[in-house]
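Subject: Structure for you to look at

Hi,

Here is the structure I promised to pass on. Have a look at it first, and then read my notes underneath.

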Amino acid sequence: MHDAMVSQSQLDPLLQKCTSLICIKQLQAHLITTGKFQFHPSRTKLLELCAISPVGDLSLAAQIFRRIQTPSTNDWNAVLRGLAQSPEPAQALSWYRLISRSPQKVDALSCSFALKGCARALAFSVATQIHSQLLRLGFEADFLLLTTLLDVYAKTGDLEAAQKVFDKMPTRDIASWNAMISGLAQGSRPNEAIALFNRMEEEGWRPNEVTVLGALSACSQLGALKQGQIIHGYVVDEKLDTKVIVCNAVIDMYAKCGFVDKAYSVFLSMSCRKSLITWNSMIMGFAMNGDGCKALELLDQMVVDGVNPDGVSYLAALCACNHGGLVEEGVRLFDMMKGCGVELNVKHYGSVVDLLGRAGRIKEACDIINSMPMLPDVVLWQSLLGASKTHGDVKMAEMASRKLVEMGSNSCGDFVLLSNVYAAQRRWHDVGRVREAMKIRDVRKLPGFSYTEIDYRIHKFVNGDQSHPSSKEIYAKLDEIKFRIKAYGYAAETNLVLHDIGEEDKENVLNYHSEKLAVAYGLISTSDETPIQVIKNLRICVDCHAVIKIISKIYNTEIIVRDRARFHRFKEGVCSCRDYW
């Protein structure tokens, strides 16, 4: 660039055409050498270009800023915006403190950029301070700023604060609704996310891509198939299915609701190009639903289609082998990964350890743990402990339990599994010793609960629950079931009850597990043709699995149970897992 004077009208187009750092430096040098740097109105634009554009450099932006004798609020904001978007957003919060102490006053943009930094840095306490400050400054009517604020609260986990901001907003835009719906969906309140989505439509708002992503995520968590189908219909009508991220969410929703065939139909009919996430979601969908062969077939197909599998693809395929009982295929896949340059992580090792353990090859599983190039995590030892419980290997269970204690694990599941091992051997003294250890460590057993969707409403049950409005009818149905299943040779798995109590009392404990309550409610609330869907927060127990198989035959009803690990589709007395889980 020559040293001739450049007018404002000439400089603005030059700033817009800057495509390199060298160009930015030349413009800065020109402003300095012509004496216009301190006064030129394009100075802030130069700062913004340096701070936030792909060709910019934050360190250079800081150098330029330090040359300004009296920086304006806009100058401060230019750097603040760049820091908020940078890989180290926490630096934006330090910069915001500097602005607050400067002669210039912060404005709504300063607060907005700082809050965006808080959201990315998960800095809840700083967000509350900025919230107080924006109220003092009279910015509470700025709905764009309030949307950013509620997004911060949602992302940092304070959904109560986010809800208060949302409820008090004098005006809302689509981004406000999206931030609240996404926050509820991601913050373990999916029921409320779906309710808010429905309210949004009732108030005349048209959901966009971001809205349906949040709502579909909530449906996935709850297994809310009917609501998910309605949203899918809206996606198709509004042609949002031309976006791969939306198609991925629809596939995930159907797979997590237990309808992998519907997920696969969406996968096959996609008009947009499938991403790596699309393939991985579909492979994991088949894995969770027990179709290991289809998952492995899809892994091969993605290579044919020119998509290179990553570590997640192989992990999904290993999970498919695990859930499908494809032991040799899983071992071969694991060995192939080691030889084709895939970077193995602890989850890959964990999956093959679980695969071998479930198959009863517990020593091999233990050998793999001991051969790992990285330290095993608690999940690996928990997998070995679970396999030891399944196959009654007391010595291996005790060894795995010791390892977990050494690693500082305080999970109730570890103690419960070891108790199960002892209870199966009727070693009640050892069961008592484990339970005493739980009391000393203040370890509490995670309560089991189950969800089922009936007429677009989610019903929750806990073990022994009597709080449901239809409780009397549910228990009457359970008594009927208990009577009818005995004709099919059912005998309660009372060895699963860890208490040293009478057999009749043990049967009663088993009879009122949350998944049985949910299934009974489904039977009294739906027609014979409607599948009953149940979501369980823990793994389904052996007794419930046996009972629900018989129920599906007696009542000629399809029952789909999603537990913590996978899906069980019960139909005509058979489970899709082939009793391998």
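The model has an open sheet of 6 strands with mixed pairing, in the order β2-β1-β3-β4-β5-β6. Strands here are DSSP runs of E with at least two residues, helices are runs of H or I with at least four, and both are numbered from the N terminus; two strands pair if DSSP finds at least two bridges between them. The edges are held by β2 (457-462) and β6 (574-575), and each has a single partner strand, so one side of each has no neighbour in the sheet.

At one edge, β1 and β2 are antiparallel and share 6 bridges. One of the bridge partnerships is between threonine 452 and histidine 459, the latter in β2. These two strands make a hairpin with 2 residues between them, and aspartate 455 in the turn has a positive phi of about 50°. At the other edge, β5 (residues 567-571) runs antiparallel to β6, joined by 2 bridges. There, lysine 571 has valine 574 of β6 as its bridge partner.

Before you lean on details: this is a predicted model, where local features need pLDDT of at least 70 and side-chain atom pairs count only at pLDDT 80 or more, while totals for chains, interfaces and linings use all residues. Residues are numbered from 1 along each chain as its sequence is written, and side-chain values use heavy atoms, with hydrogens and water left out.

The average pLDDT (the predictor's confidence in each residue, from 0 to 100) is 85 for the protein chain, and 89% of the residues score at least 70. Residues 1-6 stay under 50, with 14 contacts (heavy atoms within 4.5 Å) beyond four places in sequence. Residues 498-506 are also below 50, and that stretch has 17 contacts beyond near neighbours in sequence.

On the record side, an unreviewed UniProt entry annotates "repeat: PPR" at residues 142-172, 173-207, 275-309 and 310-344; such annotations may be inferred rather than shown by experiment, feature names are shortened, and positions are in the numbering used here. Residues 142-172 are 74% helix and 0% strand, with the end C-alpha atoms 10 Å apart. For residues 173-207, the chain is 74% helix and 0% strand, and the end C-alpha atoms are 11 Å apart.

Cheers
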